[in-house]
Amino acid sequence: MAMEPQAKHCYEFGPFRLDPNERVLLRQGAMVSLSPKVFDILMVLVRNGGHIVQKDQLMTEVWPDAFVEEANLNVGVSSLRKALGDTPDGHTYIETIPRRGYRFVAPVAKIADEPKEVMVQRRTMTRIVQEEEEIDTGDDLGENSSSDTSTAMMASVPNDSIPAPLIDHEAIQVVRQNIGSSRAQNLRKLIIGVASAAVLAAGGYFSRDVGRKGASPRPERVMLAVLPFVNLSGDRDQEYFADGLTEEMISQLGSLNPSRLGVIARTSAMTYKHTSKTVDQIGRELGVDYILEGSVRRSENRLRITAQLIQTSDQTHLWAESYDRDFEDMLKLEGDVSQSIAKEIRVQLRPHEKLENVNPSPVNNEAHEDFLKGRFIAHQRTMTGFYESIEYYNQAVVKDPKYAPAYAGLADSYTLLGLYNVRLEDVMPKAESAAAKALELDSSLAEAHASMAGVKAMYDWDWRGAEREFKRAIDLNPSYAEAHHSYAILYCVPRGRKQETIEHMELAVKLDPLSPIIVTDLGWAYFLAGQTNRAIAQYDKALELENMFSTALFRLEQAFVKKGMYKEALTMNDENPSFPKEVAAAMDLAYQRGGYRGALKAKMDTMTKIEKRGVTIDPYFFAFAYAQLGDYDRALDELEKACERRSPNMIYLETDPPFESLHGDARFENLARRVGLTK
């Protein structure tokens, strides 16, 4: 008697059925399109359902013969979550284990496979798309790339709108016969043809969609990234110039037509300085449609700038140009380049719309150079760097007293110094004066409005004025990521506008996806809205961008405390480079003896000793810890001190969870009124 073939198994979870033999994922019988590597990630997670899969293990199993960066895994997991339709907290199917890996948390059933003839019609189209992706893109994780026309067309039609009987199996057979022999581009045409036939057979869904009133065959707003211009001057001291040119291009392009063109912020763009990544990779990681790359060569007072615009979907070079000018013409040159790019992208070429010409006011050459040096150093985000940048900005305004951007730079550096334990009364009035001067000279400067708004929120506690200035900055340049970020964190959070905070932070992340602080603060927005698991996943993303990012570790500690994971919370303190090692060690020892309450008491005792040694500590942090301990009288005493010192943290008085039990207390409500948080 012939031996029965070995039984094949599938996995079922929620509405999904995962078939490892045919490499197909079905949702209620309809196919879900996954690229090969994303499918492999799902298989590894499902096979280990309920258990943590370390990132190293995932990368080894999914890419056994290749060295890939962790970012590839992050992109793959993100795409998988979207395909599964995971819930906002990311916990229905895939849980992120911060700094370790992932766990598939949905119940998984292992069942015998259906007879092949029952499944074949539902599998065929997805399988062909996967085979086409393997040939055309290899290990590419960009299954949502606009270059994959077949996937894009399938995505435009609901999965259940293409019944299996309507698939043309003869056409499919033609495609299969060509898989091994046709070039990738010919195969792509065949795939598109089959997908189009399926769409038409389903009732002309796509053509009806395009013909609907208000429908558009292309996105209303496209995204552009300006990669760091390469310094070809042969002089490393000219890096500030190349970086300054990059940032000014970002600023000018971001303000050309904000409703149609979004521009990735400087922080994310500069991540790709000296990168070896391809345009395709960068496009996927940033989620952009176009990339501008170029170089600058400076020789004495002559400039040569080259730039080219590339469409990320197929790496098509749409436009390239070179410019030779005197250095004095630099600002006009930037305007010429940005105008040319805008025309190529065609984001605003409707018959009734015209481009506004960029005609910058004349600027002293030496003042502009000092401004570029100041901004280059300020971006290092160190106390020393801020002081040095102030010197350059001051030199710039002495040489050109009407140069508004230099005053805006002064305002930013003074404001940021206020976050480094510098006495606010020493820096904030100077920041406000500089911002006011910048606005007097150029009221259309978004950066100056954002600077003024920050001072009004953090120092003046003028909430009406802060809101007005933030909104004006965003109106002037909707692509200005930092304006959305600051508006969310410095205004919406203190005012208790949780949903508005999330909306602006999500937009800031879209505009600046590789900024650790912006990614972290999106997590904080989720945390304050009660979405703790989602917040933890977001903090983990920030730590993937910067391994020891202090703010993310501090926020993770708060999230773990809220979940009662006290040991994990203490681990975050141990790892945080900004958290005093003396305090962390004392807390660890006390935790072993008296639990987390004992650790908090040790924290307070040790911080008090450090303060007596002459180290300045914001009283707000003492109040925070006392409130956690339930010692509300001492917490209120420390809050009184913080208010007297105009601590910038006081704006979160009504937001930080430890103080919730104080709401309604007469002393607390009086403090809230002094900060302007209540009427």
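**Strand β9 and its partners**

I began with strand β9 in this predicted model, and found that 3 bridges join β9 to strand β11 (residues 261-263), the two running parallel. Looking for an individual pair, I noted that Leu224 has Val263 as its bridge partner in β11. I then turned to strand β12 (residues 290-299), which is also joined to β9 by 3 bridges and runs parallel to it; here the bridge partner of Ala225 is Ile291.

Next I asked how many of the residues of β9 are buried. The count is 5 of the 5 residues in 222-226, so the strand is largely enclosed by the rest of the structure. In a regular strand the side chains alternate between the two faces of the sheet, and I therefore looked at each side separately, given that alternation. Val222, Leu224 and Val226 are buried on one side, and Met223 and Ala225 are buried on the other, which leaves both faces of β9 covered.

**Two antiparallel sheets**

I looked up the sheet of 5 strands and found it open, with antiparallel pairing and the order β4-β3-β2-β1-β8. The edges are β4 (30-31) and β8 (109-112), each with a single partner strand, so one side of each is left without a neighbour in the sheet. Within this sheet I followed β1 (residues 9-13) and β2 (residues 16-19), which pair in the antiparallel sense over 3 bridges, with Tyr11 standing opposite Leu18 in β2.

A further open sheet has 3 strands in the order β5-β7-β6, again with antiparallel pairing. Its edge strands are β5 (52-54) and β6 (94-97), each of which pairs on one side only, and neighbouring strands are turned by 30° against each other on average, direction ignored. I counted 4 bridges between β6 and strand β7 (residues 101-104), which run antiparallel, and Ile94 has Phe104 of β7 as its bridge partner. Across β5 and β7 lies helix α2 (residues 55-62), which runs at about 70° to β5.

**Helix α15**

I then checked helix α15 (residues 404-417), whose 14 residues reach 20 Å from the first C-alpha to the last, close to the 20 Å expected at 1.5 Å a residue. Is this helix mostly buried or exposed? I found 11 of its 14 residues buried, so α15 is largely enclosed by the rest of the structure. Among the buried residues are Tyr407, Leu410, Tyr414 and Leu417. Looking for what surrounds them, I noted that the buried residues of α15 pack against α13 (365-378), α14 (383-399), α16 (424-441) and α17 (446-460).

**The α19 and α21 crossing**

For helix α19 (residues 481-492) and helix α21 (residues 516-528), I noted that the axes come within 11 Å and cross at roughly 35°, and that α19 passes α21 in a left-handed crossing. The contact is made by Ala481, Glu482, His485 and Ile489 of α19, together with Ile517, Ile518, Asp521 and Trp524 of α21.

**Confidence**

Finally I looked up the confidence values: the mean pLDDT of the chain is 77, and 75% of its residues reach 70 or more. I marked residues 114-219, where pLDDT stays under 50 and for which the model has 136 contacts beyond four places in sequence. I also marked residues 347-359, where pLDDT again stays under 50 and the model has 25 such contacts beyond four places in sequence.

Methods: Residues are numbered from 1 along each chain as its sequence is written. This is a predicted model: local features need pLDDT of at least 70, side-chain atom pairs count only at pLDDT 80 or more; totals for chains, interfaces and linings use all residues. Side-chain values use heavy atoms; hydrogens and water are left out. Buried means under 20% relative accessible area, exposed over 50%, partly exposed in between (1.4 Å probe, protein chains only). Two strands pair if DSSP finds at least two bridges between them. The expected span of a helix is 1.5 Å times one less than its number of residues. Contact means heavy atoms within 4.5 Å. pLDDT is the predictor's confidence in each residue, from 0 to 100. Axes are lines fitted to C-alpha atoms, for helices over the stretch in contact, and angles run from 0 to 180 degrees between N-to-C directions. A crossing is left-handed if the near helix is turned anticlockwise from the far one by less than a right angle, and right-handed if clockwise.
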